[in-house]
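Visitor: I'd like some practice at reading a structure. Could you walk me through this one?

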Amino acid sequence: MRAYTKKDFPVSQIRRFLEPGPIVLVSSAWKGERNIMTMGWHTVMEFTPSLVGCIIAEGNHSHDMIRRSKACVINVPTSDMARTVVGIGNCSGADIDKFEEFKLTAVKAALISAPLIKECYASFECKLADARLVRRYNYFIFEVVKAHVATAPKVPRTIHYRGDGAFMVSGREVSFRPLFRPEMLNT
Ligand SMILES: Cc1cc2nc3c(=O)[nH]c(=O)nc-3n(C[C@H](O)[C@H](O)[C@H](O)COP(=O)(O)O)c2cc1C
């Protein structure tokens, strides 16, 4: 293992190292309108019920649509969709229909009114589980009530946002299974 020489780093930029999981596209629907936003700030919170917390800023058109409909779909795009992901994050559903603008296919969800995005590798139907932190932090806690995941490829090439326009693309999968205590393999 290598020992690193370190220097001071702005605390406001530590996201560059901690930014969670893949960038996602959040689709929503409210009163006949549908929308999509790009989201990087999300975290898994619990196995069962399956809880995911995320920041959806108040200024985003999606914020009110999701707060009112109490539901959304978290869709996982792959690296070939990078331009679309940035484009969706650069405009507002208040002005345009992003499904039309970005030529994405809305698919009816099983349990909620928000549509799935067919071109994404995975789509998780979410119901708002706890809105107590929305007013204070724009933090929505969702329960994933149904998950749709592509059958191939086995490991998707996802994109991970590092801020300042920089992304990382997921790479080779490496298994350390033999190092795990068996009971830890479920965690
Ligand atoms: C790479 C990237 C990541 C983003 N992550 C978030 C996020 O985690 N939370 C958020 O509120 N907005 C985030 N945004 C900004 C929204 O996607 C953007 O404001 C979007 O236009 C909102 O769309 P809407 O107004 O139609 O809801 C991100 C944008 C980009 C490009």
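Visitor: Where is the place of S170?

Guide: Keep in mind that this is a predicted model. To place a residue, look for the helix or strand beside it. S170 sits in the segment after β11 (167–169).

Visitor: Leaving aside its neighbours within four places in sequence, which residues is S170 in contact with?

Guide: Setting those neighbours aside is a handy way to pick out the other partners. For S170 they are P156, R157, T158 and H160. With P156 there's a polar pair too: its backbone oxygen is 3.3 Å from a polar atom of the S170 side chain.

Visitor: Now the ligand. Which residues around it come nearest?

Guide: Start with the shell, then narrow down. Here 22 residues surround the ligand, and T38, A57, S62, C91 and G93 come nearest. By type, the shell splits into 12 nonpolar, nine polar and one charged.

Visitor: Which element gives the most to that shell?

Guide: That's β2, with five residues. β2 (33–39), α2 (61–69) and α3 (82–89) each supply at least two.

Visitor: And what polar contacts does the ligand make?

Guide: Go through its N and O atoms one by one. A ligand nitrogen lies 2.9 Å from a backbone N or O atom of I55. A ligand oxygen is 2.8 Å from a polar backbone atom of H61, and a ligand oxygen is 3.2 Å from a side-chain N or O atom of S92. Overall, the protein covers 85% of the 650 Å² of accessible area the ligand has on its own.

Visitor: Which pocket does the ligand take up?

Guide: The largest one.

Key. Residues numbered from 1 in each chain as written. Predicted model: local features only at pLDDT ≥ 70, side-chain atom pairs only at ≥ 80, totals over all residues. Heavy atoms only, no water. Near = heavy atom within 4 Å. Polar contact = N/O pair within 3.5 Å; in protein donor to acceptor, adjacent residues only side chain to side chain. Areas by Shrake-Rupley, 256 points an atom, 1.4 Å probe, with all protein chains shown as cover. 1 Å grid on protein atoms, 1.4 Å probe; cavity = no way out; pocket = protein on both sides within 12 Å on 5 of 7 lines; lining within 4 Å. Sits in = over half its atoms within 2 Å of the grid points. Helix = DSSP H or I, 4+ residues; strand = E, 2+ residues; numbered from the N terminus. Nonpolar A, V, L, I, M, F, W, Y, C, P; charged D, E, K, R; others polar. Contact = heavy atoms within 4.5 Å.
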